[in-house]
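User: Hi! Could you walk me through the cysteines and the strands of this protein?

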Amino acid sequence: MNATPDIVAAAQERSGGCLCGKIRFTVKGEAVYPHTCSCRHCKKLGGGPMMWWAGFAPENVTWTGGVEPTWYTTFEGEAQRGFCPNCGSRLAAIDSDVPELGIVVTALDDTTGDDLVPVNQSFRDDAVHWLDQVPDTQKKSPVG
């Protein structure tokens with residue numbers, strides 16, 4: 001008997017962590033809204049022209065290394081960013097208007113999943129001019 005794609009996606013588990021290995025985590029299930037972000041905060045936090053994010057249900061993210069990220073409030077009452085206090089690696093985000101926990105895709109051990117391919121780029125007006133922007137390929141749901 002073959003499992004349906006939905007069952008396979010729900011059972012999918014990935015691991016990741018920070019650069020020094022002090023913080024480790026697992027995420028289960030298919031990524032939600034993988035995208036890049038070119039906002040000023042992401043550029044400064046990531047040290048590059050953008051960061052690559054994907055969402056996962058909070059109950060499907062487990063910090064497994066015995067240490068959880070240190071959380072920094074980037075927008076009071078709206079957003080927090082999680083990082084390793086030892087090596088500084090950026091790992092996660094909590095945004096008040098988003099139900100998923102944002103995971104920095106490059107913190108995953110394996111970033112090859114089709115569900116991790118960015119479907120959009122946030123803050124296009126803040127993007128560097130010399131790098132092509134990610135096309136908006138997100139699946140639009142029909143308006144009911």
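User: Is cysteine 18 buried or exposed?

Analyst: Happy to help! This is a predicted model, where local features need pLDDT of at least 70, side-chain atom pairs count only at pLDDT 80 or more, and totals for chains, interfaces and linings use all residues. Residues are numbered from 1 along each chain as its sequence is written, and side-chain values use heavy atoms, with hydrogens and water left out. Buried means under 20% relative accessible area, exposed over 50%, and partly exposed in between (1.4 Å probe, protein chains only). Cysteine 18 has a relative accessible area of 8%, so this residue is buried.

User: How many disulfides are there?

Analyst: A disulfide is a pair of cysteine sulfur atoms within 2.5 Å. The closest cysteine sulfur to that of cysteine 18 is in cysteine 20, 3.6 Å away, which is too far for a bond. The count of disulfides is therefore zero.

User: Which strands stand at the edges of the open sheet?

Analyst: Strands are DSSP runs (E, at least two residues), numbered from the N terminus, and two of them pair if DSSP finds at least two bridges between them. Three strands form the open sheet, in the order E1-E2-E5 with antiparallel pairing. Each edge strand has a single partner strand, so one side is left without a neighbour in the sheet: these are E1 (13-17) and E5 (61-63).

User: Which residue stands opposite phenylalanine 25?

Analyst: Strand E2 covers residues 24-28 and pairs with E5 in the antiparallel sense over three bridges. Opposite phenylalanine 25, in E5, stands tryptophan 63.

Notes
Helices (H or I, at least four residues) and strands (E, at least two) are DSSP runs, numbered from the N terminus.
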